[in-house]
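Reader: I have a structure to look at, and I would like to go through its side-chain contacts and strands slowly. Could you show it to me before we begin?

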Amino acid sequence: MRKKQDQKFLSCILCIVLTVAMALFTTGCNGSTAKKDSPDAQTEEGADKEAGGTQTQADTSGAQTDGDAQSGADGDAQNDTDVDAQSDAGGAQTDGDAQSGADGEQAGVYGEGSAQFLFTVVDKDGEETRMEIHTDKKTVGEALEELGIIEGEESEYGLFVKTVNGITADYEKDGMYWAFYINDEYAQSGVDATDITEGDSYAMKLEKA
């Protein structure tokens with residue numbers, strides 16, 4: 001009788017142990033499943049992926065923006081360089097033209113001295129050569145002869161000018177001669193007899209008699 005009671009007791013203990021073991025096993029499995037399938041876990045995982053994607057997209061956009069900015073900066077710098085280069089070339093050309101124009105209008109300077117006057121040579125075609133004469137001589141003729149600008153022969157009327165600035169007049173051949181002017185008016189005296197007067201201008205023009 002006692003043996004049967006012991007077996008029944010052991011059976012109850014075994015059932016309890018098995019029940020507890022099953023309960024623990026079920027709880028452990030459900031807990032893992034719950035954790036895996038939990039909406040919060042899915043939300044966190046989705047948030048992590050979305051955050052990672054956003055970060056990647058931001059990095060890519062930033063890199064593209066930097067590239068565009070660099071390209072734009074390089075392009076602008078190149079354009080500025082080209083424009084500056086072209087501007088500099090245009091300015092140099094303008095300066096050259098201005099210098100050329102100034103040289104064309106300015107008179108050449110000849111001689112040295114305290115007195116000065118403007119002397120113009122006009123050839124048979126009306127072309128003018130302007131000279132700024134500096135001298136210490138008293139007369140226009142002396143100053144021009146000293147510099148070799150005029151050459152001639154002495155006559156009863158004074159110096160008969162035959163060559164001016166390398167151009168020779170042949171009166172006997174074609175009737176051409178050098179006429180002397182003071183302030184654009186036909187002079188009443190010869191070039192060698194005309195005193196240098198401050199402010200006056202003088203000219204020799206090749207004319208036909």
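Author: What follows is a short series of questions and answers on aromatic rings, a charged pair and a sheet. The model is predicted, so local features need pLDDT of at least 70 and side-chain atom pairs count only at pLDDT 80 or more, while totals for chains, interfaces and linings use all residues. Residues are numbered from 1 along each chain as its sequence is written, and side-chain values use heavy atoms, with hydrogens and water left out.

Reader: How many aromatic pairs does a search of the whole structure find?

Author: Rings of Phe, Tyr and Trp (its six-membered ring) pair if their centres lie within 6.5 Å, and planes under 30 degrees apart count as stacked, over 60 as edge-to-face and the rest as tilted. Searching the whole structure with this rule gives a count of three.

Reader: What kind of aromatic pair do phenylalanine 117 and tyrosine 202 form?

Author: A pair of aromatic rings is described by the distance of the centres and the angle of the planes. For phenylalanine 117 and tyrosine 202 the centres are 5.3 Å apart and the planes stand at 90 degrees, which makes the pair edge-to-face.

Reader: Which strands hold phenylalanine 180 and tyrosine 202?

Author: These two rings form a stacked pair, with 6.2 Å centre to centre and 10 degrees between the planes. Both residues are buried, where buried means under 20% relative accessible area, exposed over 50% and partly exposed in between (1.4 Å probe, protein chains only). Strands are DSSP runs of E with at least two residues, numbered from the N terminus. The pair ties together parts that are 22 residues apart in sequence, because phenylalanine 180 lies in strand β7 and tyrosine 202 in strand β9.

Reader: Which residue forms a salt bridge with glutamate 153?

Author: A salt bridge is a side-chain nitrogen of Lys or Arg within 4 Å of a carboxyl oxygen of Asp or Glu, and by this rule the count is one. Glutamate 153 counts as partly exposed because its relative accessibility is 45%. With the closest N and O atoms 3.7 Å apart, its partner is lysine 162.

Reader: Which are the edge strands of the open sheet with the order β4-β5-β6?

Author: Two strands pair if DSSP finds at least two bridges between them, and this open sheet of three strands has antiparallel pairing. Six bridges join β4 to β5 (residues 158-164), and one of the bridge partners is threonine 163 in β5, opposite glutamate 151. The strands that pair on one side only are β4 (150-155) and β6 (167-168).

Conventions. Helix = DSSP H or I, 4+ residues; strand = E, 2+ residues; numbered from the N terminus.
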